[in-house]
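Got the model open in your viewer? Here's a tour, one selection at a time.

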Amino acid sequence: MKDAEEKFEIRINDNGLLITTRDGNEKSILLKAGEALMLLDILKNEEEKLRQLARKESPLPVEIKFD
């Protein structure tokens, strides 16, 4: 089994939310605060569907909780 590795680096700074790939290609996306909040809202609304997809794809149980 391949070791788990982080594929993205996510940072919040004065400009907004910066997501950078960690695969050697160094591609980034910068979301302004309002854009990042819209993405967060979409992810919250789709959380259950994403959890179901993750369970199907993973050989190990996946459980991530945010308080």
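Start by selecting L39, which counts as partly exposed because its relative accessibility is 32%. That label has cut-offs: buried means under 20% relative accessible area, exposed means over 50%, and partly exposed is in between, using a 1.4 Å probe and protein chains only. L39 lies in helix 1. Helices here are DSSP runs of H or I with at least four residues, strands are runs of E with at least two, and both are numbered from the N terminus.

Before you click on, keep in mind that this is a predicted model, in which local features need pLDDT of at least 70 and side-chain atom pairs count only at pLDDT 80 or more, while totals for chains, interfaces and linings use all residues. Residues are numbered from 1 along each chain as its sequence is written, and side-chain values use heavy atoms, with hydrogens and water left out.

**Grow the selection into a patch**

Now add L43, L50 and L53 to L39: together they form a nonpolar patch on the surface, with about 310 Å² of accessible area. Patch members have over 30% relative accessible area and no salt bridge; nonpolar side chains (Val, Leu, Ile, Met, Phe, Trp, Tyr) are joined within 5 Å, and like charges within 9 Å. Areas come from the Shrake-Rupley method with a 1.4 Å probe, and for residues only the protein chains shown count as cover. Which helices supply the patch? Helix 1 and helix 2 (47-57) each give at least two of its residues.

**Step along helix 2**

Stay on helix 2 and show the side chains of R51 and E47. They form a salt bridge, with the closest N and O atoms 2.9 Å apart. The term means a side-chain nitrogen of Lys or Arg within 4 Å of a carboxyl oxygen of Asp or Glu. R51 and E47 are four residues apart in helix 2, so about one helical turn separates them. Buried or partly exposed: what is R51? R51 is buried, with a relative accessible area of 19%, whereas E47 is partly exposed at 36%.

Next, pick E48 and R55. This pair also makes a salt bridge, and its closest N and O atoms are 4.0 Å apart. Both ends count as partly exposed, E48 at 44% relative accessibility and R55 at 45%. In total, the structure holds four salt bridges.

**Over to the sheet**

Hide the helices for a moment and colour the strands. Three of them form an open antiparallel sheet in the order 1-2-3. Two strands pair if DSSP finds at least two bridges between them. Strand 1 (8-13) and strand 3 (28-31) are the edges; each has a single partner strand, so one side of each lacks a neighbour in the sheet. From one strand to the next, the twist averages 15 degrees.

Bring helix 1 (residues 33-45) back: it packs on the sheet and touches strand 2 and strand 3, with its direction at about 100 degrees to that of strand 3. A contact is heavy atoms within 4.5 Å; the axes are lines fitted to C-alpha atoms, for helices over the stretch in contact, and angles run from 0 to 180 degrees between N-to-C directions.

**Strand by strand**

Select strands 1 and 2 together. Six bridges join strand 1 to strand 2 (residues 16-21), and the two make a hairpin with two residues between them. Click E9 and you'll find T20 opposite in strand 2; click R11, and the bridge partner in strand 2 is L18. E9 and R11 also form a salt bridge, the closest N and O atoms being 2.3 Å apart. E9 is partly exposed, at 25% relative accessibility.

How many residues of strand 2 are buried? Five of its six are, leaving the strand mostly covered.

Move on to strands 2 and 3, which pair over four antiparallel bridges. Here L18 stands opposite L30 in strand 3. Follow the chain round this hairpin, which has six residues between the strands, and stop at G24 in the turn, where phi is positive at about 100 degrees.

**Zoom out**

Show everything again. Along the sequence the pattern is β-β-β-α-α. Buried residues make up 12% of the 67 residues. Switch on the surface to finish: the protein exposes about 6,500 Å², with carbon and sulfur atoms supplying 55% of it.
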